[in-house]
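Work through the exercises below with the sequence and the model at hand. Each task is followed by a solution in steps.

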Amino acid sequence: YKAKGPLTSILLPIVALDDAVGLMVFAVSNGIARALISGSVSIMSVLVNPILEIVGSLLLGTLLGWLFSRLEQFFHSRSKRLSLAVCFVFLCTALSKLDFEFANGIDFGFSPLLVCMMCGTIFCNLCDFSEEIMYRVDRWTGPVYVLFFVLSGAELDLRVFASAAVVGIGLVYILMRSAGKITGASVSSRFMKCPPQVCKYLGITLLPQAGVALGMSATVAADFGAEGAIIRNIVLFSVLIYELVGPILTKIALTDAGEITPKTISNRGVMPEELKR
């Protein structure tokens with residue numbers, strides 16, 4: 001929508017920060033849940049191992065992001081730069097599968113989502129021409145997104161919603177997440193003395209939920225069997241609702257905030273240069 005303004009400027013970094021914090025909280029929660037299910041609850045399994053996973057993922061992502069930015073300096077061909085970007089996505093994912101076991105119950109691995117996010121963050125802040133590469137990468141990620149959502153949606157088993165408990169949990173989750181986003185964004189933006197349109201509309205623009213949540217739900221489904229499948233279905237159901245309603249509310253909020261300017265066609269029948277591009 002070519003949105004510009006204080007709301008858009010603060011929304012974009014907050015979405016990225018929201019995902020990063022969510023991944024860290026998920027790593028700790030996942031470690032606690034696994035310890036409770038296995039029955040081996042200890043300081044190592046509940047606290048130390050999740051923290052090691054977070055720190056290790058951030059360090060690995062930082063290293064790969066730095067290496068990515070350095071290697072891109074040696075290539076000038078657009079196709080080679082694009083190929084290297086794709087290569088590092090697979091490299092991040094592959095290295096994230098490593099798992100380390102030490103004495104005294106220390107066992108940790110890496111979060112693929114957190115490693116990839118950190119790699120991209122470091123790369124885009126170190127590489128002078130990162131915007132060009134990200135623009136070219138975005139041109140082929142569309143089909144990948146479609147495939148990701150189709151495969152994720154295919155796992156939504158509608159039969160689980162025959163259970164009143166599951167439906168109740170799903171509805172409470174959707175309502176509480178929405179209330180938390182709207183209230184938290186409003187209170188914090190007022191506390192930081194942000195412009196009125198940010199205080200009023202920021203929470204609404206944070207409602208859409210998709211990629212990172214689906215990735216975390218896939219991890220839960222793989223780690224926790226039947227309970228994980230129920231959680232994944234609840235998340236898939238909420239994503240379905242949020243992605244139907246969230247983008248519409250976001251567009252309305254940005255429009256009301258005056259940051260989306262409606263496009264008009266010249267009365268003379270000449271197409272504006274912006275539309276030609």
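**Exercise 1. Place G228 in the fold and describe its surroundings.**

Step 1. G228 is part of helix α8, residues 211-256; helices here are DSSP runs of H or I with at least four residues, numbered from the N terminus. The model is a predicted one, in which local features need pLDDT of at least 70, side-chain atom pairs count only at pLDDT 80 or more, and totals for chains, interfaces and linings use all residues. Residues are numbered from 1 along each chain as its sequence is written, and side-chain values use heavy atoms, with hydrogens and water left out.

Step 2. The relative accessibility of G228 is 0%, so G228 counts as buried. Buried means under 20% relative accessible area, with a 1.4 Å probe and protein chains only.

Step 3. Leaving aside residues up to four places away in sequence, G228 touches V220 and A221, where contact means heavy atoms within 4.5 Å.

Step 4. From G228 to F75 the C-alpha to C-alpha distance is 44 Å, and the two are 153 residues apart in sequence.

**Exercise 2. Decide whether N30 is buried or exposed, and list what N30 touches.**

Step 1. Helix α1, residues 6-38, contains N30.

Step 2. N30 has a relative accessible area of 6% and is therefore buried.

Step 3. With residues up to four places away in sequence not counted, N30 touches T219, D223 and F224.

**Exercise 3. Describe how α3 and α5 meet.**

Step 1. The axes of α3 (residues 78-95) and α5 (residues 130-153) come within 10 Å and cross at roughly 75°. Axes are lines fitted to C-alpha atoms over the stretch in contact, and angles run from 0 to 180 degrees between N-to-C directions.

Step 2. The two helices are therefore roughly perpendicular, a class that covers 65 to 115 degrees.

Step 3. On α3 the contact is made by R78, R81, L82, A85 and V86, and on α5 by E132, I133, R136, V137 and W140.

Step 4. These residues divide into 6 nonpolar, no polar and 4 charged; Asp, Glu, Lys and Arg count as charged, Ala, Val, Leu, Ile, Met, Phe, Trp, Tyr, Cys and Pro as nonpolar, and the others, Gly among them, as polar.

**Exercise 4. Which members of the largest nonpolar core touch the most other members?**

Step 1. A nonpolar core is a set of buried Ala, Val, Leu, Ile, Met, Phe, Trp, Tyr and Cys residues joined through side-chain atoms within 4.5 Å.

Step 2. The largest has 16 residues, and L64, F68, V115 and I133 touch the most other members.

Step 3. At least two residues each come from α2 (43-72), α3, α4 (112-126) and α5, and α3 gives the largest share, 4 residues.

Key. Parallel < 35°, antiparallel > 145°, perpendicular 65-115°, else oblique. Buried < 20%, exposed > 50% of the residue type's maximum accessible area, 1.4 Å probe, protein only.
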